[in-house]
Amino acid sequence: MLSPVRLVSRRICFPESRATAILPRSPVSQFQSTRIIRKISPLPTYSRGLNPLFVTPVRFFSGCRTRSTANVTNGIPKMGSLAPYQRKHKVTVVGSGNWGTAIAKIIAENTASNDGIFEKEVQMWVFEEKVEIPQTSRHYDPSSPLCQGPQNLTEVINKTHENVKYLPGIALPENLRANPSLVDAVKDSTILIFNLPHQFIIKTCEQIKGNILPYARGISCIKGVDVNEDGISLFSETIGKTLGIYCGALSGANIANEVAQEKWSESSIAYDPPHMDSKAPSPTLSPTASDTDVVHFEHKDVSGEFSQVKLRPLPSEYPPVDHDVLKSLFHRPYFHISVVSDVAGVSLGGALKNVVALAAGWVDGMGWGDNAKAAIMRVGLLEMVKFGVKFFGATIDAKTFTEESAGVADLITSCSGGRNFRCAKLSVQRNQPIEKIEETELNGQKLQGTLTAVEVNRFLKKQRLEDEFPLFTAVYRVLEGSMSVADIPSYIER
């Protein structure tokens with residue numbers, strides 16, 4: 001009987017070529033894959049003649065910090081022809097709020113310009129609700145059936161090519177299709193983009209569990225952290241664990257309306273590609289028949305431990321979902337993308353800056369000026385880095401907070417004009433609870449900073465570490481009413 005063979009390898013990226021070298025290394029990488037092939041009955045037919053009679057675990061390492069090398073024309077990455085791949089990626093955006101629609105616009109523009117690698121049509125799941133086209137809208141026509149009282153939001157989007165409720169005034173690509181059925185929207189999609197309030201993500205994932213391709217890959221645009229009895233985790237990993245897929249993250253200094261208006265900005269994508277994607281044989285059986293496919297991969301999560309998720313390989317018929325493909329999917333002349341491998345750093349930057357932005361809004365509302373706001377941002381950045389290193393030290397790169405858009409740039413933007421900052425400022429100026437400001441100012445959208453502050457404090461309190469993060473703790477206490485904004489300077493001075 002053949003004994004299992006284990007290989008340890010490292011991908012090294014050369015700056016002037018696309019070559020990949022395989023060299024021995026010690027097991028310290030974030031991403032580690034084990035290929036497991038087991039005998040099943042009946043035996044499926046494999047496209048590359050795989051003999052499934054032997055069990056051969058093979059462990060791989062990856063995670064080099066790379067730059068995307070997609071060709072760029074007029075600021076738009078081009079991937080070239082589909083050859084030698086036979087299938088294109090179908091993309092679905094899960095979420096259609098302000099930021100979700102802005103991202104869907106970008107995705108649809110890029111699938112249209114890269115139709116050799118992506119299916120042109122992009123599905124966008126929309127939580128169905130009734131809306132009325134306002135009389136101030138360019139689409140308003142008293143004689144039109146769409147303007148005869150409340151209409152389904154999906155119908156309005158598909159006929160006007162505009163999300164009149166959450167992103168009014170922005171023309172959407174015609175290849176973007178609003179779909180009220182979550183299950184139908186994600187059907188047969190190989191790339192899933194999650195962009196909805198983080199309090200709804202677990203329920204949403206449970207609804208599509210078992211209804212997606214088992215080898216789909218995901219990107220989370222959700223800014224928050226998932227706190228439960230097991231500890232604290234990133235929403236990219238919550239999505240991955242729930243659905244059994246690999247999921248990266250996008251975050252950056254991105255105010256949705258400005259991005260939608262095509263004002264230049266930057267963002268960061270964190271994605272550590274599964275090493276063997278598109279290198280494993282593909283069963284000829286149904287791609288959704290997860291109990292019959294026999295190839296799985298073991299990998300480490302952002303904590304540095306082996307994940308409970310056994311990844312399914314992306315079939316070789318598809319282009320690999322790597323940094324180049326993701327840059328082609330997200331990069332626009334007005335929306336510049338940096339792709340890195342630090343999922344923890346990018347995710348935490350996007351989540352924790354919202355907590356800091358609340359404090360910045362409060363001190364600005366007090367009329368304390370730019371000096372006070374800068375002090376809040378300085379302390380906030382230090383606590384963001386400290387939090388990441390302390391709880392995700394096995395994989396996080398502290399430089400992400402200072403070098404990537406998802407770090408200090410996002411913090412600056414959020415503390416200057418983001419919704420958390422604006423609502424916190426108004427709550428002081430109007431002497432109203434921030435929940436009331438959220439209700440009256442956000443048109444149905446939700447603040448992420450308030451919920452993140454509560455969840456982070458719950459975690460810190462359990463760890464007995466509130467005193468080590470005085471700004472995060474102060475924000476929580478102001479929210480719960482046990483501290484006033486005027487007490488923040490003396491409290492964080494400790």
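**Exercise 1. The surroundings of Ser233**

Task: In this predicted model, determine which residues Ser233 touches, leaving out those up to four places away in sequence, and establish whether Ser233 is buried or exposed.

Solution.
Step 1. List the contacts. Beyond the residues up to four places away in sequence, Ser233 touches Val225, Asp226, Thr238 and Phe392.
Step 2. Examine the side chains. A polar contact of 3.5 Å links the side chain of Ser233 to the side chain of Thr238.
Step 3. Place the residue. Ser233 belongs to strand 15, which covers residues 231–234.
Step 4. Judge the accessibility. Buried means under 20% relative accessible area. The relative accessibility of Ser233 is 14%, and Ser233 therefore counts as buried.

**Exercise 2. Helix 5**

Task: State how many residues of helix 5 are buried, and describe what follows just after helix 5.

Solution.
Step 1. Count the buried residues. Helix 5 spans residues 235–243, and 8 of its 9 residues are buried, which leaves the helix mostly covered.
Step 2. Name them. The buried residues are Phe235, Ser236, Glu237, Thr238, Ile239, Gly240, Thr242 and Leu243. Thr238, one of these, is also the partner of Ser233 in the side-chain polar contact.
Step 3. Look just past the helix. Gly244 has a positive phi of about 75° there.

**Exercise 3. Trp99 and its contacts**

Task: Find the helix that holds Trp99, and identify the residues with which Trp99 is in contact, leaving aside neighbours within four places in sequence.

Solution.
Step 1. Locate the residue. Trp99 is part of helix 1, residues 98–113.
Step 2. Assess its exposure. Trp99 has a relative accessible area of 11% and is therefore buried.
Step 3. List the contacts. With neighbours within four places set aside, Trp99 is in contact with Asn195, Cys221, Leu250, Asn254, Ala256, Val259 and Phe335.
Step 4. Compare sequence and space. Trp99 and Leu167 are separated by 68 residues in sequence, while their C-alpha atoms are 8.4 Å apart.
Step 5. Consider the chain. Of the contacts between residues at least 6 apart in sequence, 74% join residues at least 24 apart.

**Exercise 4. Helix 8 against helix 11**

Task: Determine how helix 8 and helix 11 are oriented to each other, and which residues make the contact.

Solution.
Step 1. Take the geometry. Helix 8 (residues 343–365) packs with helix 11 (residues 405–414) at an angle of about 25°, and the axes are 9 Å apart.
Step 2. Apply the cut-off. Angles under 35 degrees count as roughly parallel. Helix 8 and helix 11 are therefore roughly parallel to each other.
Step 3. Give the handedness. The crossing of helix 8 past helix 11 is right-handed.
Step 4. Name the residues. Helix 8 contributes Val346, Gly349, Gly350, Lys353, Asn354, Val356 and Ala357 to the contact, and helix 11 contributes Ala406, Asp410, Leu411 and Ser414.
Step 5. Sort them. The contact residues comprise 5 nonpolar, 4 polar and 2 charged.

**Exercise 5. Helix 15 and its neighbours**

Task: Name the helices against which the buried residues of helix 15 pack, and describe how helix 9 and helix 15 are oriented.

Solution.
Step 1. Assess the coverage. Helix 15 (residues 470–480) is mostly covered, with 8 of its 11 residues buried.
Step 2. Name the buried residues. They are Pro470, Leu471, Phe472, Thr473, Ala474, Val475, Tyr476 and Val478.
Step 3. Identify the partners. These buried residues pack against helix 8, helix 9 (369–392), helix 14 (449–462) and helix 16 (488–492).
Step 4. Take the geometry with helix 9. The axes of helix 9 and helix 15 come within 8 Å and cross at roughly 110°. Helix 9 is therefore roughly perpendicular to helix 15.
Step 5. Describe this contact. Ile376, Val379, Gly380, Glu383, Met384 and Phe387 of helix 9 meet Pro470, Leu471 and Phe472 of helix 15. The residues divide into 7 nonpolar, 1 polar and 1 charged.
Step 6. Look just after helix 15. Gly481 takes a positive phi of about 95°.

**Exercise 6. Positive phi outside glycine**

Task: Establish where Glu262 lies and where Asn431 lies, and classify the exposure of Glu262 and of Asn431.

Solution.
Step 1. Treat Glu262. Its phi is near 65°, a positive value in a residue other than glycine. Glu262 lies in the loop between helix 6 (256–260) and strand 17 (265–270). With a relative accessible area of 41%, Glu262 is partly exposed.
Step 2. Treat Asn431. Here phi is near 55°, again positive in a residue other than glycine. The loop between helix 12 (419–429) and helix 13 (434–441) holds Asn431. With a relative accessible area of 70%, Asn431 is exposed.

Methods. Residues are numbered from 1 along each chain as its sequence is written. This is a predicted model: local features need pLDDT of at least 70, side-chain atom pairs count only at pLDDT 80 or more; totals for chains, interfaces and linings use all residues. Side-chain values use heavy atoms; hydrogens and water are left out. Helices (H or I, at least four residues) and strands (E, at least two) are DSSP runs, numbered from the N terminus. Buried means under 20% relative accessible area, exposed over 50%, partly exposed in between (1.4 Å probe, protein chains only). A polar contact is a pair of N or O atoms within 3.5 Å; within protein, one must be able to donate a hydrogen and the other to accept it, and residues adjacent in sequence count only if both atoms are side-chain atoms. Contact means heavy atoms within 4.5 Å. Axes are lines fitted to C-alpha atoms, for helices over the stretch in contact, and angles run from 0 to 180 degrees between N-to-C directions. Angles under 35 degrees count as roughly parallel, over 145 as roughly antiparallel, 65 to 115 as roughly perpendicular and the rest as oblique. A crossing is left-handed if the near helix is turned anticlockwise from the far one by less than a right angle, and right-handed if clockwise. Ala, Val, Leu, Ile, Met, Phe, Trp, Tyr, Cys and Pro count as nonpolar, Asp, Glu, Lys and Arg as charged, and the others, Gly among them, as polar.
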